[in-house]
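Please examine the model shown below. The paragraphs after it proceed from one helix to the chain as a whole.

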Amino acid sequence: WLFIVPSLRSRRPSGAEKKALDIAFLGTPLISLVAPAATKDTVIIWAANLFVVVSSYGYAFLVGDDDDSDDSKKPGWLKFIFKSLDFGTGKERGARL
């Protein structure tokens, strides 16, 4: 999962898929680092990571709002994290779209 989620994010998704992959991108490393303290069984850790990815997609597509323009409801730390995860458009490097 530590390779799959970044690979999916590299396609530069938009909308609900982007939101799901942002959540999964934050959740899977956390599970992979914390879960071995509870169990050494790799199947359980893999299943926990799968659960995080599937849950993030479920949340983003079913519950998550698609209105990303209204950031006033999000806490500042969360806005910072999601802004840090966003891909640049290339304008900062002088690339033309």
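How many residues does helix 3 have, and how far does it reach from its first C-alpha to its last? In this predicted model, helix 3 comprises 22 residues, 42–63, and spans 30 Å between its first and last C-alpha. That reach is close to the 32 Å expected at 1.5 Å a residue.

The two sides of helix 3 may now be considered in turn. Its buried residues are Ile45, Asn49, Val52, Val53, Ser56 and Ala60. Viewed down the helix axis, the buried residues of helix 3 fall within an arc of 85°, so they line one face of the helix. The underlying principle is that an α-helix has 3.6 residues a turn, so residues three or four places apart point the same way. The cover over the buried residues of helix 3 includes helix 1 (4–9) and helix 2 (16–38). On the other side of helix 3, the residues Val43, Phe51, Val54, Phe61, Leu62 and Val63 are exposed.

Helix 3 also contributes to the aromatic contacts. The count of aromatic pairs comes to one. This pair is formed by tyrosine 57 and phenylalanine 61, which are stacked, with 6.0 Å from centre to centre and 5° between the planes. Tyrosine 57 and phenylalanine 61 are four residues apart in helix 3, and are therefore separated by about one helical turn. Tyrosine 57 has a relative accessible area of 22% and is partly exposed, whereas Phe61 is among the exposed residues of helix 3.

The wider setting is the fold of the chain. The chain contains four helices and zero strands, which gives the pattern α-α-α-α along the sequence. Among contacts in the chain with a separation of 6 or more, 65% are accounted for by residues 24 or more positions apart. Of the 97 residues of the chain, 24% count as buried. The accessible surface of the chain comes to about 7000 Å², and carbon and sulfur atoms account for 66% of this surface.

Confidence remains to be considered. The chain has a mean pLDDT of 78, with 71% of its residues reaching 70 or more. Where in the chain is confidence lowest, and where is it highest? Confidence is lowest in helix 4 (residues 76–85), at a mean of 70, and highest in helix 3, at 92.

Technical notes
Residues numbered from 1 in each chain as written. Predicted model: local features only at pLDDT ≥ 70, side-chain atom pairs only at ≥ 80, totals over all residues. Heavy atoms only, no water. Helix = DSSP H or I, 4+ residues; strand = E, 2+ residues; numbered from the N terminus. Expected span 1.5 Å × (residues − 1). Buried < 20%, exposed > 50% of the residue type's maximum accessible area, 1.4 Å probe, protein only. Arc of directions from axis to C-beta. Contact = heavy atoms within 4.5 Å. Areas by Shrake-Rupley, 256 points an atom, 1.4 Å probe, with all protein chains shown as cover. pLDDT = per-residue confidence, 0-100. Phe/Tyr/Trp six-rings, centres within 6.5 Å; stacked < 30°, edge-to-face > 60°.
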